[in-house]
Amino acid sequence: MSFQYEHVILIGIDGAGNFYRGADTPTIHRLMEEGAGDDYCLTSIPTDSAECWGSMLIGVYPEKHGMTNGTIDDTPYKHGDEHPTVYKLIRDAMPDAVIGSFSHWNPINTSIADPDIGVVKDTDQDGPLTERICDFIINEKPTFLFIQFDSIDGAGHKYGYNTPLYLKELHVVDGYAAKVCAAVEKAGIADSTLIIATADHGGIGTGHGGRTDEEKYVFFAAKGKTVKKGKIKLEIKDIPAIICRALGVPADPRWDAKVPDGMFTD
Ligand SMILES: [Zn+2]
């Protein structure tokens, strides 16, 4: 049997694309160096939040999960029987798991994360949310925690993606990610935790939704005891397979998701 992690923490940075490469982001750079990484991880098309977070948390392409930015609202996800969320798969396999979903963009908590399976949910601006995320990690040592930071996408829509003010904001958000990583150390769970950092999409000009390289490629980094250092190749929809593989949760046969070749040494 392969090595099982006790904790997976997925740090999602909305609208970050792969622009960290030109930014002062020591935390993302370190995760890339110390773990497995892909600067050209393909996200879902169209490159909008509902479609892309949906694929990242459900493991299928948007035509299957059915969520779109235009229609996502505060009602629960409708195709869970056919294509369950990663939250649900973990809960079904691990009744006692501590599962969290801390998201600045609240539709993730209302319309992707299941309403009735004991997922601890919180929403706020990135800064105050980070403080509560760190408390949650230290006090609850979650089995699975999903985090969505939104301020970078806000900066892209306001100043333009990959502009100096956008990259300055990316530095700030990298600092939030640093606090999350420090909380994992402080909780004493670093050896048994898989940390993933990625983005839902990038952007071009002051928007996204299209198929340009700037919109469709995002960074992906994963660090853990059995993660083989170096380059891997994956798509956003593969992430639930990685999470479930790490925790020893059975794969869903209807997934488009698969674990990238050579990602784990054990
Ligand atoms: Zn987004």
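User: What does buried mean here, and what is the relative accessibility of H201?
Analyst: Buried means under 20% relative accessible area. This model is predicted. H201 falls under that cut-off, so H201 counts as buried. Its relative accessibility is 0%.

User: Is D14 buried or exposed?
Analyst: The cut-off for buried is under 20% relative accessible area. D14 has a relative accessible area of 0%. D14 is therefore buried.

User: Which residues coordinate the zinc ion?
Analyst: The donor atoms sit at 1.9 to 2.1 Å from the zinc ion. Two of the donor atoms are OD, one is OG and one is NE2. The residues are D14, S49, D200 and H201.

User: What is the geometry of the zinc ion site?
Analyst: The site has 4 donor atoms. Four donors count as tetrahedral if all angles lie between 85 and 135 degrees. Here the angles run from 93 to 125 degrees, so the site is tetrahedral.

User: How many residues apart are D14 and H201 along the chain?
Analyst: Along the chain, the zinc donors follow the spacing D-x34-S-x150-D-H. D14 lies in the loop between β1 and α1, and H201 in the loop between β6 and α9. The pair links distant parts of the chain, 187 residues apart.

User: How far apart are the end C-alpha atoms of helix α6?
Analyst: Helix α6 covers residues 126-140, which makes 15 residues. At 1.5 Å a residue, the helix should span 21 Å. The model agrees with that: the end C-alpha atoms are 20 Å apart.

User: Which elements do the buried residues of α6 pack against?
Analyst: The buried residues of α6 include L129, I133, F136 and I137. They pack against strands and helices. The strands are β1, β3, β4 and β5, and the helices are α7 and α8.

User: Which residue just after α6 takes a positive phi?
Analyst: Most residues other than glycine have a negative phi. The residue in question is not a glycine, yet its phi is about 40 degrees. It is found in the loop between α6 and β5. At 35% relative accessibility it counts as partly exposed, and it is K141.

User: What is the phi of N162?
Analyst: N162 lies in the loop between α7 and α8. At 41% relative accessibility, N162 counts as partly exposed. N162 is a residue other than glycine, but its phi is positive, near 60 degrees.

User: Which two residues does a cis peptide bond join?
Analyst: Most peptide bonds are trans. This one is cis, with omega about 0 degrees. One partner has its place in the loop between β2 and α2. The two residues are I45 and P46.

Terms used. Residues are numbered from 1 along each chain as its sequence is written. This is a predicted model: local features need pLDDT of at least 70, side-chain atom pairs count only at pLDDT 80 or more; totals for chains, interfaces and linings use all residues. Side-chain values use heavy atoms; hydrogens and water are left out. Helices (H or I, at least four residues) and strands (E, at least two) are DSSP runs, numbered from the N terminus. The expected span of a helix is 1.5 Å times one less than its number of residues. Buried means under 20% relative accessible area, exposed over 50%, partly exposed in between (1.4 Å probe, protein chains only). Contact means heavy atoms within 4.5 Å. Donors are N, O and S atoms within 2.8 Å of the metal (3.2 Å for Na, K and Ca); water is not among the atoms, so sites may look incomplete. Four donors count as tetrahedral if all angles lie between 85 and 135 degrees; four count as square planar and six as octahedral if opposite donors are over 155 degrees apart and all others between 65 and 115; anything else is irregular.
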